[in-house]
Amino acid sequence: MKMETDGPRGLYFEEFEIGATMRTRGRTITEADLVNFAALTGDYNPMHTDADYAKDSFMGQRVAHGLLTLSYAVGQAYQLGILERTVLGFRGVEMKFSSPVYIGDTIHVELKVSETKAARRLGGGTVVLETRIIKQDGTIAQKGTLSLLMMSKP
């Protein structure tokens, strides 16, 4: 007997409920993360890449790039499975950077569906997720919204 499957599927636009909350697993930020992100983006700001420079700065040590932290948050959200093969694209992001993320910090993401708006001509609708990136001690590193275009049910 041959089984066929299209594989895992995320939520369709119609399956997102206002007020629904989700939490990702944690991810620890490493020195390699900072080095690799700097290489990928060209952002070699010494606040991220020079330990000697950073120790005398107002942060006191190297800090993760804000966009690295945000990028990991998006990846962590994707790992929840809610976007698997149903996200059509990003519509927008608005984020406030509140607290630095250092090498050794572990972050997780809390998401809350705050708005949905049908966009039938685009094949689905926009889902707005209130997003909080939280460090191991409960400090909010970043907060804001992610707006996603999600596919409608076939």
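Modeller: Let's start with a rule: a charge sits over a ring if NZ of Lys or CZ of Arg is within 6 Å of the ring centre and within 35 degrees of the ring normal. Keep in mind that this is a predicted model.

Biologist: Okay, what makes Arg27 count as lying over the face of Tyr72?

Modeller: Arg27 is placed at 3.9 Å from the ring centre of Tyr72, and the distance limit is 6 Å. Arg27 is listed as lying over the face of Tyr72.

Biologist: And how many aromatic pairs are there?

Modeller: The count comes to zero aromatic pairs. To pair, ring centres would have to lie within 6.5 Å.

Biologist: Give me the overall layout. What is the pattern along the sequence?

Modeller: It goes β-β-α-α-α-α-β-β-β-β, with four helices and six strands in the protein. The C-alpha trace spans about 60 × 40 × 30 Å along its principal axes. Of the 154 residues, 37% are buried. Take the contacts between residues at least 6 apart in sequence: 71% of them join residues at least 24 apart.

Biologist: Now the helices. Why are H1 and H4 called roughly perpendicular?

Modeller: Their axes cross at roughly 105°. The class runs from 65 to 115 degrees, so H1 and H4 are roughly perpendicular to each other. The axes of H1 (residues 31-41) and H4 (residues 66-79) come within 10 Å.

Biologist: Which residues meet there?

Modeller: On the H1 side they are Asp33, Leu34 and Phe37, and they meet Leu67, Leu68, Ser71 and Tyr72 in H4. By class, that contact has five nonpolar, one polar and one charged residues.

Biologist: Why does Ile29 count as buried?

Modeller: Its relative accessibility is 1%, and buried means under 20%, so Ile29 counts as buried. Ile29 lies in the loop between strand S2 (27-28) and H1. Beyond four places in sequence, Ile29 touches ten or so names you can look up in the model, among them Leu34, Leu68, Tyr72, Val101 and Ile107. For Ile29 and Tyr72, the C-alpha atoms are separated by 9.4 Å, with their positions 43 residues apart along the chain.

Biologist: Val101 is on that list. Is Val101 buried or exposed, and how do you know?

Modeller: Val101 has a relative accessible area of 3%; the cut-off is under 20%, so Val101 is buried. Val101 lies in the loop between strand S3 (87-97) and strand S4 (106-119). Leaving aside neighbours within four places, its contacts include Ile29, Val63, Ala64, Lys135 and Ala141. The C-alpha atoms of Val101 and Met151, 50 residues apart along the chain, are separated by 33 Å.

Biologist: What puts Asp50 in its accessibility class?

Modeller: Asp50 has a relative accessible area of 32%. Buried is under 20% and exposed is over 50%, so Asp50 is partly exposed. Asp50 lies in the loop between helix H2 (46-49) and helix H3 (51-55). The C-alpha atoms of Asp50 and Gln61, eleven residues apart along the chain, are separated by 8.9 Å.

Biologist: Last one: what makes the phi of Arg85 worth a mention?

Modeller: Most residues other than glycine have a negative phi. Phi of Arg85 is near 65°, a positive value in a residue other than glycine. Arg85 lies in the loop between H4 and S3. With a relative accessible area of 48% set against the limit of over 50% for exposed, Arg85 is therefore partly exposed.

Notes:
Residues numbered from 1 in each chain as written. Predicted model: local features only at pLDDT ≥ 70, side-chain atom pairs only at ≥ 80, totals over all residues. Heavy atoms only, no water. Axes fitted to C-alpha atoms, helices over the stretch in contact; angles between N-to-C directions. Helix = DSSP H or I, 4+ residues; strand = E, 2+ residues; numbered from the N terminus. Parallel < 35°, antiparallel > 145°, perpendicular 65-115°, else oblique. Contact = heavy atoms within 4.5 Å. Nonpolar A, V, L, I, M, F, W, Y, C, P; charged D, E, K, R; others polar. Buried < 20%, exposed > 50% of the residue type's maximum accessible area, 1.4 Å probe, protein only. Phe/Tyr/Trp six-rings, centres within 6.5 Å; stacked < 30°, edge-to-face > 60°.
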